[in-house]
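Trainee: I am new to this one and would like to go through it step by step. May I put some short questions to you?

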Amino acid sequence: MFLDASAIVAILAREEDAGYLLAKIEMSERPVFYSPLSMFEAVISLARIISISHFGDQAPTPPELIDQVEEDVEKFMETIGARQLSINGPLHRGAINAARNYGRFVAHPARLNFGDCFSYACAKEYRLPLLFKGDDFSRTDIEAV
């Protein structure tokens, strides 16, 4: 299983469907993977959510909050036994293909963004089902968890 940042954020932000997503991870019979881009997007998104809840949406996110969230996300990944996949070789081609076919750039209903395109490419390249939140990926040909 490949974790999109949306699933990581939903779980750690304790969103309504956090339990459902965590159960999918716990029930997985296959290893759980993520990419450096998923980690980056999860950390920055979660730090921003916390920052807005404490300081409002006009205040900058404190760097020390980003550091703390990074530690929390890394601990979560360690706890669930997730492994980082490398983004190398021709993986960018898969992301470009995802953007061309499903991106917001081409007005496809899935409206995949930069991070989504790389999650899609990783899941496809490594033949892994994708765990995500929302309906964007469900409008593609990706195998969902």
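Trainee: To begin, is Arg111 buried, exposed or partly exposed?

Mentor: Please keep in mind that this is a predicted model. Arg111 is partly exposed, because its relative accessible area is 43% and the partly exposed class runs between 20% and 50%.

Trainee: Where is Arg111 found?

Mentor: Arg111 is in the loop between α5 and α6. Those helices span 91-102 and 114-125 respectively.

Trainee: What is the phi of Arg111 near?

Mentor: The phi of Arg111 is near 50°, which is a positive value in a residue other than glycine. As background, most residues other than glycine have a negative phi.

Trainee: And what about Arg14, what is its phi near?

Mentor: Arg14 also has a positive phi, near 55°, and is likewise a residue other than glycine. Its place is in the loop between α1 (5-12) and α2 (18-27).

Trainee: Is Arg14 buried or exposed?

Mentor: Arg14 counts as exposed, because its relative accessibility is 72% and the cut-off for exposed is over 50%.

Trainee: Let us turn to the interior. How many residues has the largest nonpolar core?

Mentor: The largest nonpolar core has 24 residues. Leu3, Ile8, Ile25, Val69, Val73, Met77 and Leu131 are the ones with the most contacts inside it.

Trainee: Which helices each supply at least two residues of that core?

Mentor: They are α1, α2, α3 (36-55) and α4 (63-80). The most comes from α1, which gives six residues to this core.

Trainee: You listed Val69. Which residues is it in contact with, leaving aside its neighbours within four places in sequence?

Mentor: Val69 is then in contact with Val43, Leu46, Ala47 and Ile50. Another core, of 21 residues, lies apart from the largest one. Leu91, Ala123, Phe132 and Phe137 are among the residues of that other core.

Trainee: Now for charges. How many salt bridges does a search of the whole structure find?

Mentor: The search finds four salt bridges. In general, side chains of opposite charge can pair when their charged atoms come close.

Trainee: Which side chain does Asp17 meet in a salt bridge?

Mentor: Asp17 meets the side chain of Lys133, at 3.3 Å from N to O. This pair links distant parts of the chain, with the two residues 116 residues apart. Asp17 is in the loop between α1 and α2, whereas Lys133 is in the segment after β4 (130-131).

Trainee: Are Asp17 and Lys133 buried or exposed?

Mentor: Neither word fits. Asp17 is partly exposed, at a relative accessible area of 23%, and Lys133 is partly exposed too, at 30%. Both residues also belong, with Glu15, to a network of salt bridges.

Trainee: Which side chain meets Asp141?

Mentor: The side chain of Lys124 meets Asp141 in a salt bridge, at 3.4 Å from N to O. Asp141 is in the segment after β4 and Lys124 is in helix α6, and the two are 17 residues apart. Asp141 counts as partly exposed at 43% relative accessibility, and Lys124 is partly exposed with a relative accessible area of 37%.

Trainee: What about Asp135, which side chain does it meet?

Mentor: Asp135 forms a salt bridge with Arg139, at 3.1 Å from N to O. Asp135 is partly exposed, with a relative accessible area of 43%; for Arg139, also partly exposed, the value is 42%.

Trainee: A change of topic: is Thr140 buried or exposed?

Mentor: Thr140 is buried, because its relative accessible area is 14% and the cut-off for buried is under 20%. Thr140 lies in the segment after β4.

Trainee: Which backbone oxygen does the side chain of Thr140 reach?

Mentor: The side chain of Thr140 reaches the backbone oxygen of Phe137 at 2.7 Å. A polar atom of that side chain also lies 3.1 Å from the backbone nitrogen of Ile142. Beyond residues up to four places away in sequence, Thr140 touches Tyr102, Ala110, Leu112 and Tyr120.

Trainee: One last residue: where does Ser51 lie?

Mentor: Ser51 lies in helix α3 and counts as buried, at 0% relative accessibility. Not counting residues up to four places away in sequence, Ser51 touches Gly56, Ala59, Pro60, Thr61, Pro62 and Leu65.

Definitions and conventions:
Residues are numbered from 1 along each chain as its sequence is written. This is a predicted model: local features need pLDDT of at least 70, side-chain atom pairs count only at pLDDT 80 or more; totals for chains, interfaces and linings use all residues. Side-chain values use heavy atoms; hydrogens and water are left out. Helices (H or I, at least four residues) and strands (E, at least two) are DSSP runs, numbered from the N terminus. Buried means under 20% relative accessible area, exposed over 50%, partly exposed in between (1.4 Å probe, protein chains only). A nonpolar core is a set of buried Ala, Val, Leu, Ile, Met, Phe, Trp, Tyr and Cys residues joined through side-chain atoms within 4.5 Å. Contact means heavy atoms within 4.5 Å. A polar contact is a pair of N or O atoms within 3.5 Å; within protein, one must be able to donate a hydrogen and the other to accept it, and residues adjacent in sequence count only if both atoms are side-chain atoms.
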